[in-house]
Amino acid sequence: MQATPNRTSKIPRRGTMSPRVSQGSKSPTGSGSPQENGSPQLPVEDLASTSIHDEAPFASRLTQGLEDCNWEQLQGKYADAMDEHGRVEENIRVETAKLLEAFMAWSQTTVSQDENRALKRFKTQMQHVQNSEVNVENKKKHYEEVVKAFQNALALLNDQMKI
């Protein structure tokens, strides 16, 4: 997976990048060596001329040792990591499906209980209405009988007065 000579690679190579700028004032040992942590240090006056947006030092640190990488091994590790993530994702999907089934069962139970309660309330209301209708009908009959009794009593009184 190395870059072919006729194609330009976007991966920076050693020696082609500008040296990393270290912002430390002196080395911890006080030796005053121009290199700290294996990279040269620019003089203070060169720091002002270095662009803030210069990503070269950062890129060189990231790409250090890429030439020595075993790309096939890296691809294998990547494939293994993706397989592992796929398995984890599948486990999460299965667990989510189980939780969804439990939620659906709970939800259905709640709906069923609410329906049962509503049916019982409806039956109770219907029974109350029917009882009320029967009571009204009984009262109506009673009042009709009372009125009939008064009419009979009046008729008797009228007959006695005629005599």
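In the protein chain, 58% of the contacts with a separation of 6 or more join residues 24 or more positions apart. The model is predicted. The chain holds 3 helices and 2 strands. Along the sequence they follow the pattern β-β-α-α-α. Both strands therefore come before the helices in that order.

Next, the surface. Of the 163 residues of the chain, 8% count as buried. Buried here means under 20% relative accessible area. The chain exposes about 14600 Å². Carbon and sulfur atoms supply 57% of that area.

Now follow helix 3. This helix covers residues 71-162. How far apart are its end C-alpha atoms? They are 133 Å apart. The helix has 92 residues, and at 1.5 Å a residue it should span 136 Å. The two values agree. At the N-terminal end sits a cap. Asn70 provides it, with a side-chain oxygen 3.3 Å from the backbone nitrogen of Glu72.

The charged side chains come next. Side chains of opposite charge can pair when their charged atoms come close. A search of the whole structure finds 4 salt bridges. One of the pairs is Glu84 with Arg87, whose closest N and O atoms are 2.8 Å apart. Both residues lie in helix 3, 3 residues apart, about one turn of the helix. An α-helix has 3.6 residues a turn, so residues three or four places apart point the same way. Are these partners buried or exposed? Glu84 is partly exposed, at 39% relative accessible area. Arg87 is partly exposed too, at 49%. Partly exposed is the class between 20% and 50%, so both values fall inside it.

Further along is another pair. Glu89 forms a salt bridge with Arg93, and here the closest N and O atoms are 3.0 Å apart. The spacing is 4 residues in helix 3, so about one helical turn separates Glu89 from Arg93. Glu89 has 47% relative accessibility and counts as partly exposed. Arg93, at 44%, also counts as partly exposed.

Then comes Arg117 with Asp114. Their side chains meet in a salt bridge, 2.9 Å from N to O. Again the residues lie in helix 3, 3 residues apart, about one turn of the helix. Arg117 has a relative accessible area of 44% and is partly exposed. Asp114 is partly exposed at 40%. Which residues are joined into one network by salt bridges that share partners? They are Glu89, Glu90 and Arg93.

The surface also has a nonpolar side. Leu100, Phe103, Met104 and Trp106 form a nonpolar patch there. Together these residues have about 470 Å² of accessible area. Each patch member has over 30% relative accessible area and no salt bridge, because the patch criterion requires both. Met104 places the patch on the map, since this residue lies in helix 3.

Back to the helix as a whole. Helix 3 contains Glu84 and Arg87, Glu89 and Arg93, Met104, and Arg117 and Asp114. Asn70 caps its N-terminal end.

How values were computed: Residues numbered from 1 in each chain as written. Predicted model: local features only at pLDDT ≥ 70, side-chain atom pairs only at ≥ 80, totals over all residues. Heavy atoms only, no water. Patch = residues over 30% accessible without salt bridge, like charges linked within 9 Å, V, L, I, M, F, W, Y side chains within 5 Å. Areas by Shrake-Rupley, 256 points an atom, 1.4 Å probe, with all protein chains shown as cover. Buried < 20%, exposed > 50% of the residue type's maximum accessible area, 1.4 Å probe, protein only. Expected span 1.5 Å × (residues − 1). Polar contact = N/O pair within 3.5 Å; in protein donor to acceptor, adjacent residues only side chain to side chain. Contact = heavy atoms within 4.5 Å.
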